[in-house]
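Here is a friendly walk through one protein fold, taken a piece at a time. Keep the viewer open and follow along.

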Amino acid sequence: MRLTPAVELEYRCKRLQDLMAENDLDAAIITQNADLFYFTGTVQNGCLYLPAQGQPLYLVRRDAARARMESGLKEVLAFSSPKDIPGLVASFGYPEPKRIGMEFDVLPVGLFERYRKVWPTADFTDVTPLIRQVRMIKSHYEIHLMQDAADQVDKVYQRAKEVIRAGMTDLELAAELEYVARKHGHLGLIRMRVYNGEMFFGHTFSGCDSAVPAYTDTPFGGVGPSPCFGQGASYKPIERNEPIIIDFAGNMDGYLVDQTRVFAIGCLSDRLRKGFDDMLKVQDLMKQLAVEGIAWGELYERCHDLACEMGYADSFMGAKGSQVSFIGHGLGVEIDEYPFIARGFMEQTLQIGMAWAFEPKVVFPGEGAVGIENTFYLSNEGLKQLTRSDDALVIL
């Protein structure tokens, strides 16, 4: 078990405190698991009380002893109710907060009301934009974990070449690949920040199922095993001469990468083959354009325009009527972090340390889908690619 170094946690908390000071916040109260892990190194039940100045207080309801073992923060304290927090805060000499930030995008209303009763005169505001701003710049420690996750998905890719056969179901293939990932450290969960965002290991499907839209905000959807989880692999048998999509997210010690590769037994139609080759050209354009200072939205527009010029206006990033308005998404602890290579983000620019998945894809209803996805980060030496499996279409 790898623990987040204390110096890493202290640096993250300090960066958030600097942003809090710029935005006149006296304190932040963090409760969501992904944010707790990022700032404390564990996800024990409770909250992180972060004053604008001073040591963070990790307040734990269950289990405080385990939190002390797993978190590198100096102050890990047991508490039983939000009503205990003012006394604990005061015992460290911190003043009563007048303006408090909480994660409004993910915080249940009922839980928010419990905290608001503790400080009824305080002004509560959304701290999520500041948290996401801190998390979007990856440290060398985080990039190393993502490189380990990239090694994991490459093992999945290599195994896929060995086990894919006509007649096996998409779900059987998914199970084979998930088994390999788990053996190599995958945690079995992909965290998403978006409300009702649910994901297992990713999406594995074939043929016309790869072109079926789903409730997820993704270019590929899939039928899934049941309407209660209507996405991803189903019981459809894999056939010859159809695309087999393996859109797989690696997870090593909580850090994610995203990779999509296309396989086929036999061959693909000319339209699918050309669509795949053209998506590689869109990826190449992104690699040329992705430099420090370019707007996320401009990167999207330039790549989207190229896809449209090549004839994919009605099929790029989803079937017509179900297309998504992004081509790339940041990732780290969650799979939908900043930056968003998406329509409309013209004020936000790429910065050194950002990591994102880029996934140009085309969807042809009734026939199938093709595309590519890799995970990249912007370093001081330029754009680097983390995922390393061969981009080429795999013909078996």
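Two strands pair if DSSP finds at least two bridges between them. By that rule strand 10 and strand 12 are partners, antiparallel and joined over 3 bridges. Please keep in mind that this is a predicted model.

## The five-stranded sheet

Strands 10 and 12 belong to an open sheet of 5 strands in the order 11-10-12-15-16, with antiparallel pairing. Its edges are strand 11 and strand 16 (382-385), each of which pairs on one side only. From one strand to the next, the twist averages 25 degrees.

Some individual partners are worth finding in the viewer. Strand 10 is joined to strand 11 by 4 bridges, and the two run antiparallel; here phenylalanine 326 stands opposite alanine 342 of strand 11. On the strand 12 side, histidine 329 has alanine 357 as its bridge partner. Moving on to strand 15 (residues 374-379), 4 bridges tie it to strand 12 in the antiparallel sense, and phenylalanine 358 is matched there with asparagine 374.

## Two faces of strand 12

In a regular strand the side chains alternate between the two faces of the sheet. Strand 12 shows this nicely: Ala355 and Ala357 point one way, while Trp356 and Phe358 point the other way. Are these four residues buried or exposed? All of them are buried, and buried here means under 20% relative accessible area.

## Helix 10 and its packing

Helix 10 covers residues 296-309, and its 14 residues should span 20 Å at 1.5 Å a residue. The end C-alpha atoms are indeed 20 Å apart, which agrees with that expectation. Just after the helix, glycine 311 takes a positive phi of about 100 degrees.

Which residues of helix 10 are buried? They are Trp296, Gly297, Leu299, Tyr300, Cys303 and Ala307. Looking down the helix axis, these buried residues fall within an arc of 155 degrees, so they line one face of the helix. They pack against helix 9 (270-289), strand 10 (326-330), strand 11 and strand 12 (355-358).

## The six-stranded sheet

A second stop is an open sheet of 6 strands in the order 4-3-2-1-5-6, where the pairing is mixed. Strand 4 (75-78) and strand 6 (123-126) are its edge strands, each pairing on one side only. Here the twist averages 25 degrees from one strand to the next.

Within this sheet, strand 1 (residues 27-30) pairs with strand 2 (residues 45-51) in the antiparallel sense over 4 bridges. Isoleucine 30 stands opposite leucine 48 of strand 2. Helix 2 (residues 33-40) packs on the sheet and touches strand 1, strand 2 and strand 3, with its direction at about 55 degrees to that of strand 2. Helix 1 (residues 6-22) lies across strand 1 and strand 2, and runs at about 55 degrees to strand 2.

## Nonpolar cores

The largest nonpolar core has 64 residues, and those with the most contacts inside it are Leu16, Phe39 and Leu173. Helix 7 (residues 140-163) gives the most to this core, with 11 residues. What does leucine 173 touch, leaving out residues up to four places away in sequence? Its contacts are Val163, Ile164, Met168, Thr204, Ile238, Ile244 and Ile246.

Apart from the largest core lies another one, of 45 residues, which includes Phe326, Ala342, Phe364 and Val370. Phe326 and Ala342 have come up already, as the residues that stand opposite each other where strand 10 meets strand 11.

## Backbone details to check

Most residues other than glycine have a negative phi, and most peptide bonds are trans. A few spots here depart from that pattern. Arginine 62 and aspartate 63 are joined by a cis peptide bond, with omega about 5 degrees; aspartate 63 sits in the loop between strand 3 (57-62) and helix 3 (64-70). Another cis bond runs from tyrosine 338 to proline 339, with omega near 5 degrees, and proline 339 lies in strand 11 (residues 337-342).

Asparagine 241, which is not a glycine, has a positive phi of about 60 degrees. Its place is the loop between strand 7 (202-206) and strand 8 (244-252), and at 42% relative accessibility it counts as partly exposed. Aspartate 253 also has a positive phi, of about 55 degrees. This aspartate lies in the loop between strand 8 and strand 9 (255-264), and its 23% relative accessibility makes it partly exposed.

Definitions and conventions:
Residues are numbered from 1 along each chain as its sequence is written. This is a predicted model: local features need pLDDT of at least 70, side-chain atom pairs count only at pLDDT 80 or more; totals for chains, interfaces and linings use all residues. Side-chain values use heavy atoms; hydrogens and water are left out. Buried means under 20% relative accessible area, exposed over 50%, partly exposed in between (1.4 Å probe, protein chains only). The expected span of a helix is 1.5 Å times one less than its number of residues. The arc is that of the directions from the helix axis to the C-beta atoms. Contact means heavy atoms within 4.5 Å. Axes are lines fitted to C-alpha atoms, for helices over the stretch in contact, and angles run from 0 to 180 degrees between N-to-C directions. A nonpolar core is a set of buried Ala, Val, Leu, Ile, Met, Phe, Trp, Tyr and Cys residues joined through side-chain atoms within 4.5 Å.
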